[in-house]
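Q: I'd like to learn how to read a fold straight from the model. Can we walk through this one together, feature by feature?

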Amino acid sequence: MIATRLFATGIARGGTSLVGRMVDAHPRCAVAIDAYLHIFRALRNSIVLAREPDFDPSRPMEDFYFDAAQRRRLDILLEGSIDVPFAGTAAASLREAIRRRAGDESGDLAPFVDAIGGDTPRALIDSAFAQIACARAAESLGVVGVKDLWIADLFPALARGYPEARFVQIFRDPRDVVASALGFLPIDHTQVGHVLSMLRHWRKAVALAGVYATHPDLAGRFLAVRYEDVVDRPEAELRRICALLAIAWDPATIAAATFKDYNSGGAWRGNSTFEPALDKISRSPVGRWRGKIAPAVAALGELVCGAEMRACGYALEAPPAADSEILAFLRADGARTLSWRSDTGAPETARARERA
C-alpha cells in the first residue's frame, strides 16, 4: 500500500530530473521520471472539457498570459477535481503514448503500461502509481512518486484528491534553462519548445508557487526548490524534501554514482546538454548562460521573467541588448519547427505585450 504520493514538477531543462533521481535514490522512495505526462494531460482535458465542451484536447499545456479564455481555464483547473469523467483520449492510444514517453527515462515501466486504465482520471493515476510500485518492488517503501514536467496547474486538484500527497516544484535560473534548451536543439529538437513559451511557463510556475505556499489545500504539503540550492547544498535541500515526505534523510540521496538508469539498468549519468556524464553533484552548470547565449536572448529572459527572477533570488545582469535584437531573436526562434509552443507566434505582438 502506498503511504504517500509525491508529485514533483518544473519545466524542461530545469534540473528536475536530477532532483527526481535524488529522491528516487532514497531507500524508502520510488519516483518515475517523465513517464506519465499523457495521464496529466488527460486530467487537464477532463477537467476543462467538463466545463468547456468545445475545448481542443490537443492544445499544449497553456501559459495563460494575454488571453481571457486561457485565464478562465486556469480558474477551472485550480477549482478542478480528479473525479470528473474521463474525456478526450481513447484508452488504447493513451497507453501507447505513455509507453513511448516512459521509454525516454523510465523504460522499466513499459511492460506495466497495459495495466493502466480507468473511467476517471483518479483511476488512471491510481493504476499508474500501482504500476510504479510493481515495477520497482516498492509496495512497502512508503513514498511512490512521479516527476513530470508542466503539471503545476493540477496541484490543487491532486491535493484535494489525495490528502496524503506531497508536492515539489523545482526552479532553475530561466537564462540557464534557455541556454540548455537551445544547446539541446541539435541533440533532439523534438524535446524543445519555443523560448518565449518556455519563459512564460517559468513565470507562470513562480506565480503558482506563490499561491500554493498559502493555498488551503496545499498548506504544509508543498515545497519550492531551487536547482541552484540543490547543487550548492545538496544535503540541506534533500533534508528539506525528506522532511516534507516525513521520512528520515538518507545519504543515498546525494550519492550521484548510485542514481539508477531505468532504461539501461546501470547508473544514471545525467542528461546535461553540455557535460558528457554525471559522476557527482556539481554547481558547474550554474550561470553557464553567460557563455552560451547571446545578449539579446538573456535580455529577453529578463524582460519576460525579471520580477519573478528577483522574487526567486536571481540577479538581473544580462548585457545590454537593443529591442531590435530581441525582436530579431523572437522572429528567428518563432520560425523554428519545434515540438510545441503556447505563445501566439507573433513576435511584434509578443514584444509589445511584454514591454507594456
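Q: Let's start small. Which residue in β3 is the bridge partner of Arg5?

A: That's Val144. One thing to keep in mind as we go: this is a predicted model. The bridge belongs to a longer ladder, since β1 and β3 pair in the parallel sense over five bridges.

Q: And what does β1 do with β4?

A: There too the pairing is parallel, this time over four bridges. To find the spot on screen, pick Leu6, whose bridge partner in β4 is Arg166.

Q: How do I get from those pairings to a whole sheet? In what order do the strands sit?

A: Chain the pairings together and read off the order. Here five strands give β2-β3-β1-β4-β5, an open sheet with parallel pairing. The edges are β2 (29-33) and β5 (222-226), each of which pairs on one side only. Neighbouring strands are turned against each other by 20° on average, direction ignored.

Q: How many bridges join β4 and β5?

A: Five, again in the parallel sense, with β4 covering residues 166-171. Remember one of the contacts there: Phe167 has Phe222 of β5 as its bridge partner. We'll come back to both rings.

Q: Which strands does helix α10 touch?

A: Helix α10 (residues 234-245) packs on the sheet and touches β1 (4-9), β2, β3 (143-147), β4 and β5. Its direction makes about 165° with that of β5.

Q: How should I think about the two faces of a strand?

A: In a regular strand the side chains alternate between the two faces of the sheet. Now try β1: Thr4, Leu6 and Ala8 are on one side, Arg5, Phe7 and Thr9 on the other.

Q: Are those β1 residues buried or exposed?

A: Buried, on both faces. Put as a count, six of the six residues in β1 are buried.

Q: Let's do the rings. What describes an aromatic pair?

A: Two numbers: the distance of the centres and the angle of the planes. A search of the whole structure turns up 12 aromatic pairs. Take Phe155 and Phe167: their centres are 4.9 Å apart and their planes make 55°, a tilted pair. Phe155 sits in helix α6 (residues 155-161) and Phe167 in strand β4, 12 residues apart, and the pair links distant parts of the chain. Phe155 and Phe167 are both buried.

Q: What kind of pair do Tyr212 and Phe222 form?

A: An edge-to-face one, with 5.6 Å from centre to centre and 80° between the planes. Tyr212 comes from helix α8 (residues 195-212) and Phe222 from strand β5, so this pair ties together parts that are 10 residues apart in sequence. As for the backbone, the C-alpha atoms of Tyr212 and Phe222 are separated by 6.9 Å.

Q: Which residues does the ring cluster contain?

A: Ring pairs link Phe7, Phe40, Phe129, Phe155, Tyr162, Phe167, Tyr212 and Phe222. So you meet Phe167 and Phe222 twice, because the ring cluster includes them and they are also bridge partners.

Q: What surrounds Tyr212?

A: Setting aside residues up to four places away in sequence, Tyr212 touches Leu78, Ala152, Asp153, Phe155, Pro156, Gln169, Leu218 and Phe222. Tyr212 has a relative accessible area of 1%, so the residue is buried.

Q: Is Lys204 buried or exposed?

A: Check the accessibility before guessing from the residue type. Lys204, also in helix α8, has 7% relative accessibility and therefore counts as buried. Beyond its neighbours within four places in sequence, Lys204 is in contact with Glu62, Asp63, Phe64, Tyr65 and Asp153.

Q: Now zoom out. What does the whole chain look like in numbers?

A: Start with the inventory: 13 helices and five strands. For overall shape, compare the radius of gyration with the globule rule: a compact globule of 356 residues would have one near 21 Å, and the chain's 20 Å agrees. The C-alpha trace spans about 55 × 50 × 40 Å along its principal axes.

Q: What share of the residues is buried?

A: Buried residues make up 55% of the 356. The chain exposes about 14000 Å², with carbon and sulfur atoms supplying 54% of that area.

Q: And how much of the contact map is long-range in sequence?

A: Among contacts with a separation of 6 or more, 75% join residues 24 or more positions apart.

Note on methods
Residues numbered from 1 in each chain as written. Predicted model: local features only at pLDDT ≥ 70, side-chain atom pairs only at ≥ 80, totals over all residues. Heavy atoms only, no water. Pairing = 2+ DSSP bridges. Helix = DSSP H or I, 4+ residues; strand = E, 2+ residues; numbered from the N terminus. Axes fitted to C-alpha atoms, helices over the stretch in contact; angles between N-to-C directions. Contact = heavy atoms within 4.5 Å. Buried < 20%, exposed > 50% of the residue type's maximum accessible area, 1.4 Å probe, protein only. Rg over C-alpha atoms; globule rule 2.2 N^0.38 Å. Areas by Shrake-Rupley, 256 points an atom, 1.4 Å probe, with all protein chains shown as cover. Phe/Tyr/Trp six-rings, centres within 6.5 Å; stacked < 30°, edge-to-face > 60°.
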